[in-house]
Amino acid sequence: MKETDQLEPQQYQRLYWEADVPVRDLRARLMKRLLYLAIVLFVVIFVVAGFVRFPDQIELPFSLKNNIKEEVYKFPHAVYLLHEYIKNSDSVQVGSPLIRITSPEIAQLINRYAETEHALENLNSSGRKAEMSQRDMLMTHIRQNQNLIADYKHQLELDKTHWREQKIKLEAELRETQDKLSATRNLRSQSIGSKFDSIEQETKLAQIKSSLNQEDLKFEKENVRLVNLIERLTLENEMTQSRLQKTTAEFVEDSMALVHQKILAWNKIKDSYGDFNIEEGAIVLKSPIQGMIHFLFEGEKEIPEGVTALKISNKQQAFYAFAKCPPSLAGKLEENQACHLKVFSFPFYEYGAMQGNLRSFSYSADEKGDYNLRIDIVDPGRLAGLLQPGLTGNAVIIIEEKTLLEYFFNKVKKHYRQILDGENL
């Protein structure tokens, strides 16, 4: 009989308790799988760390500026605002009236300009008449002298003609007398002619020579007189012409001096206040550009010295970001580095960031030791049309892209150098 046949029912139950059933050991298999999983994860992490690149970046505060300077009106002294032709956010064209202002200084400048303008008008009216009258008088005198010179020259030509005719006549008589005297002397030598005839011919010959000399002296004397008169009148005309030129030059000089003073008076007002017109003893400022009114003084009618009265910005102006970089980061900057511009006024999570490029930076530091940067906006994104000069934000400049391994080894290298430096100390 088997041993089990002798067991009671409750004894059978005890033989088959569930806890008494042997269980397979799965720990080794689980550890192997975990090891495989860890190896796979390590390979994945190693691949990611070795090939996937992450940006290395720096952040700098920036402010937006315009390529074209904003027109800002500030005055060197207090002025009184008499009238406003515009209001905030109005669009203006070139030459549009802006505001009408006055002050004791402005009134003094306007009076100086008005005095110069009045003096110029007087010179162009009464001064021009006096100059023209004197000019006409001098021109008349010159014409009279020219007529006298012409008459004297004509008389000189007549005298020359008369002298030539008389000279020819007397020379002919002289030759004839000489011939007769020679004939008379020949006859006398032959005892045919009389002495009286010879003396008569000699006397006549002497008279003819004397007349010829007198005619020469008379012509020479008259010629010298007329030539002297012509030279004197010519010199007098030259002096009169010089006076005429001097009178004209003096008038032109006075006129140009007044015109110059007028321009200086106008430019002095323009340099102090901008483009303007004069109306009712005050100046009306005119817009020098096409743009929009971004600021208008809203206080009392008196604008204090140095206070901004008006700002005009060109609608078409292109914005750029201006930033300052400390010396510790300046060596990492290069032109054309990509930038992300986050404007504080427009939350990043709602409007995103603008894309830009580092266009230029200074090669020497300013008085505070910082380097100036210019970042051109390539794509304003959702901020297009919302930008204004003066807005601020953070510029994220992408220095370079590194893998996780490069970051890790850079950290190791850094700590290694710190340890060596500590030992050297």
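Colleague: How many helices and strands are there in the chain?

Modeller: This predicted model has seven helices and 15 strands in the chain.

Colleague: What makes you trust the coordinates, and where is confidence lowest and highest?

Modeller: The mean pLDDT of the chain is 79, and 79% of its residues reach 70 or more. Confidence is lowest in helix H1 (residues 9-15), at a mean of 51, and highest in S7, at 93. Where pLDDT is low, the predicted coordinates should not be read in detail.

Colleague: Happy with that. Which strands form the open sheet of four, and how do you know which ones stand at the edges?

Modeller: The order is S2-S10-S8-S4, with antiparallel pairing. Strand S2 (71-73) and strand S4 (91-92) each have a single partner strand, so one side of each has no neighbour in the sheet, and that puts both at the edges.

Colleague: What makes S4 and S8 a pair?

Modeller: Pairing takes at least two bridges between the strands, and two bridges join S4 to strand S8 (residues 291-296), the two running antiparallel. Val92, for instance, has Gly291 in S8 as its bridge partner.

Colleague: What is the order of the open sheet of five strands?

Modeller: That one reads S6-S7-S5-S3-S9, again with antiparallel pairing. The edges are strand S6 (276-279) and strand S9 (302-303); each has a single partner strand, so one side of each is left without a neighbour in the sheet.

Colleague: How do you know that S3 and S5 pair?

Modeller: At least two bridges are required, and four join strand S3 (residues 79-84) to strand S5 (residues 97-102), which run antiparallel. His83 stands opposite Arg100 in S5.

Colleague: Arg100 has a charged side chain to place. Why is the contact between Glu280 and Arg100 called a salt bridge?

Modeller: The cut-off is 4 Å between a side-chain nitrogen of Lys or Arg and a carboxyl oxygen of Asp or Glu. For Glu280 and Arg100 the N to O distance is 3.6 Å, so the pair qualifies under that cut-off. Glu280 lies in the loop between S6 and strand S7 (282-286) and Arg100 in strand S5, so the salt bridge ties together parts that are 180 residues apart in sequence.

Colleague: Which of these two residues is buried and which is exposed?

Modeller: Buried means under 20% relative accessible area, and exposed means over 50%. Arg100, at 16%, is therefore buried, while Glu280, at 72%, is exposed.

Colleague: What makes Lys262 and Glu117 a salt bridge?

Modeller: Their side chains meet at 3.7 Å, N to O, which is within the 4 Å limit. Lys262 lies in helix H4 (residues 195-273) and Glu117 in helix H3 (residues 104-189), so the pair ties together parts that are 145 residues apart in sequence. Lys262 has 22% relative accessibility and so counts as partly exposed; Glu117, at 28%, also counts as partly exposed.

Colleague: And how do you know that Asp366 forms a salt bridge with Lys324?

Modeller: The closest N and O atoms are 2.8 Å apart, again within 4 Å. Asp366 lies in the loop between strand S13 (354-361) and strand S14 (371-379) and Lys324 in strand S11 (residues 319-325), so parts that are 42 residues apart in sequence are tied together. Asp366 has a relative accessible area of 19%, so it is buried, whereas Lys324, at 34%, is partly exposed.

Colleague: How many salt bridges does the count come to?

Modeller: Nine salt bridges. Arg359, Arg374 and Asp376 are linked in a network of them.

Colleague: Why is Thr308 called buried, and what does Thr308 touch?

Modeller: Thr308 has 16% relative accessibility, which is under the 20% cut-off, so it counts as buried. Thr308 lies in the loop between S9 and strand S10 (310-313). Leaving out residues up to four places away in sequence, Thr308 touches Val72, Tyr73, Lys74, Phe295 and Phe297.

Colleague: Now for the surface. Which residues make the nonpolar surface patch, and why is Met31 called exposed?

Modeller: Leu30, Met31, Leu34, Leu37, Leu41 and Ile45 make the patch, at about 610 Å². Met31 belongs to helix H2 (residues 27-51). Its relative accessible area is 54%, so Met31 is exposed by the over 50% rule.

Colleague: What does the whole chain expose?

Modeller: About 29,000 Å², with carbon and sulfur atoms supplying 55% of it. Of the 425 residues, 28% count as buried.

Methods:
Residues numbered from 1 in each chain as written. Predicted model: local features only at pLDDT ≥ 70, side-chain atom pairs only at ≥ 80, totals over all residues. Heavy atoms only, no water. Patch = residues over 30% accessible without salt bridge, like charges linked within 9 Å, V, L, I, M, F, W, Y side chains within 5 Å. Areas by Shrake-Rupley, 256 points an atom, 1.4 Å probe, with all protein chains shown as cover. Buried < 20%, exposed > 50% of the residue type's maximum accessible area, 1.4 Å probe, protein only. pLDDT = per-residue confidence, 0-100. Contact = heavy atoms within 4.5 Å.
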